[in-house]
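Please look through the structure below with an eye to how its strands are paired. The paragraphs after it begin with the chain as a whole and then turn to one strand and its partners.

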Amino acid sequence: MARALRIWWLVLALLAGLWWDSQPWTYPGGCTPERRQARQRRQAHWLAERMLALGSAFIKLGQLLSARPDVLPAVMVEELARLQDRVPSFPFALAQDILEQELGERCSEIVDLAEEPLGAASLAQVHRASLRSGRQVVLKVQRPGLDTLFRQDLDVLQQVAALLQRHPRWGVGRDWVSIARECRRVLLRELDFRLEAQHAARFRQQFLGDPGVRVPGVVWELSTRRVLCLDYLPGIKVTDRQALLEAGLDPAAVAERGAASYLQQLVRFGFFHADPHPGNLAVAADGALIYYDFGMMGSLSEALRSRIGRMVRAAAARDAAGLVEELQAAGVLARGIDPGPVRRLVRVMLTEALTPPFSSDVIARISGDLYALVYGQPFRLPADLIFVMRALSTFEGVGRSLDPGFSLMAIARPYLLPLMTNSGAGAGSGANDFLNELSRQAAEVGSRALGLPRRLEDNLARLEQGDLQVQIRAGETDRLLRRLALSQQASAQAVLLAGLSVAAAVLVGGPWPGLGVIPVAAALPVGVSWLKLQARLRRDNRLEALQGHP
């Protein structure tokens with residue numbers, strides 16, 4: 001109960017802080033972008049410290065949330081991403097106890113176990129050791145008491161997510177319940193090191209024939225649910241540019257090899273490392289890339305990879321309608337929305353914004369759809385693509401730290417070609433795919449053409465019977481009606497507040513002044529609602545100003 005209260009206090013304090021920082025009147029001397037950013041940074045640092053104090057489950061949760069720039073501000077994402085590097089180690093005696101509990105007599109195979117850990121993370125810490133056979137290994141030992149603690153914390157977080165989902169503003173456009181459910185699934189799976197051993201073995205199998213990528217082998221007889229034994233593969237930290245240069249390695253080549261290996265995981269294998277931060281990547285003396293930590297792995301189904309291929313083809317052909325359809329089918333766009341504004345935005349991005357020199361009237365071209373895009377909040381981030389986007393951005397950052405001229409898109413081109421042709425087998429296969437696509441489109445056009453007379457007959461019959469209705473949607477009219485409705489609500493609430501104020505004044509001056517509390521209490525929710533309406537009207541004004549931006 002005490003821990004649940006600590007978690008709820010953290011959540012309520014965070015929400016109150018975010019609300020306070022979002023109010024312009026709380027900034028002495030006026031609200032400026034610099035002051036707002038400084039407050040966000042202090043709030044993010046405070047949150048990271050509180051999550052670090054709550055322990056392993058929240059450190060891991062912070063790591064997962066750092067992959068969600070669609071949910072949290074960029075400053076908070078950046079601060080949470082550094083949580084993993086600040087985890088203290090637990091005593092060596094506890095690590096020895098866990099090894100004896102898990103391995104029993106097999107502990108005799110371990111000799112020369114290093115007391116100082118190589119590294120400590122939210123779930124475990126790693127100790128170097130030697131086996132009787134002379135094999136150099138590392139032992140990943142889980143922190144004690146994690147299973148019970150994780151389940152308690154995740155149960156409370158499910159309740160927090162349900163509360164946020166019911167909020168009229170914070171719940172719009174975000175599926176907090178699904179996010180909490182996905183975090184629970186990922187975190188509980190990570191507690192079983194036997195799954196991580198399977199992931200490591202499968203990942204190593206993918207790169208057995210590639211001398212440029214190395215993955216440690218699993219020592220199965222010394223691996224259990226809370227202990228994982230892997231080969232010891234030392235290397236230089238991938239972001240240590242100076243050490244790479246001193247070792248005679250080309251940082252640009254290292255960056256290209258890392259990006260190429262990850263694109264190969266996505267396109268060729270569909271099974272990828274979902275947490276490739278610099279602490280999980282190293283470089284061997286001969287320049288080979290070394291992967292560590294296989295607790296968080298992702299997979300792309302054949303259907304999703306095929307859909308991504310169709311997205312790439314649509315983008316390459318600048319087919320905005322086709323790309324929007326694929327985005328909606330993949331869950332990136334919400335169902336049941338009007339796709340028109342999104343389609344026009346995608347068309348502008350494909351034809352103008354992505355083709356330098358950029359046009360100065362890009363905002364003006366989509367200004368008529370800004371209201372639909374802001375209020376409708378059509379974009380979503382499916383769980384299957386969260387870690388893909390995070391990993392790609394991580395590799396982009398690592399690549400730029402090693403080589404200022406690094407371009408992920410330039411490296412990705414040869415890997416995108418198999419997606420565009422649905423096969424990497426050669427030109428013949430690409431020609432077959434082209435013919436199949438052409439025949440599919442011809443069959444679709446033929447089917448529509450055959451059904452056209454029937455549809456015309458049905459529509460004419462409905463027109464004669466008076467059943468045909470035509471709906472016309474004008475963006476400008478919608479905006480004016482929205483503003484008119486908001487203004488009317490604000491005016492009505494202002495009149496109600498004035499009436500309640502007069503009533504309170506009359507009652508306070510009468511024989512029973514205590515009754516003045518009643519209209520004051522009734523005025524509080526009305527006042528809060530009036531302030532929210534004013535905030536929405538100010539947001540409308542900002543959008544109007546953006547629409548008129550040259």
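What follows is a walk through a predicted model.

The protein chain of this predicted model has 20 helices and eleven strands, and of its 550 residues 41% count as buried. Among contacts between residues at least 6 apart in sequence, 65% join residues at least 24 apart. The accessible surface of the chain comes to about 29800 Å², and carbon and sulfur atoms account for 59% of that area.

Within this chain, strand E3, which covers residues 124-131, is a useful place to begin, being mostly covered, with six of its eight residues buried. As a general point, side chains in a regular strand alternate between the two faces of the sheet.

Which strands are joined to E3 by two bridges? Strand E1, residues 110-111, runs antiparallel to E3 and is joined to it by two bridges, and in this pairing Val-111 stands opposite Ser-130. Strand E2, residues 119-120, is likewise antiparallel to E3 and joined to it by two bridges, with Ala-120 standing opposite Gln-125; the connection from E2 to E3 is a hairpin made through three residues.

On the C-terminal side, E3 pairs with strand E4, residues 136-142, through seven bridges, again in an antiparallel arrangement, and here Val-126 of E3 stands opposite Lys-140 of E4. E3 and E4 also form a hairpin, with four residues between them, and in that turn Gly-134 has a positive phi of about 95°.

How values were computed:
Residues are numbered from 1 along each chain as its sequence is written. This is a predicted model: local features need pLDDT of at least 70, side-chain atom pairs count only at pLDDT 80 or more; totals for chains, interfaces and linings use all residues. Side-chain values use heavy atoms; hydrogens and water are left out. Buried means under 20% relative accessible area, exposed over 50%, partly exposed in between (1.4 Å probe, protein chains only). Contact means heavy atoms within 4.5 Å. Accessible areas come from the Shrake-Rupley method with a 1.4 Å probe; for residues, only the protein chains shown count as cover. Two strands pair if DSSP finds at least two bridges between them.
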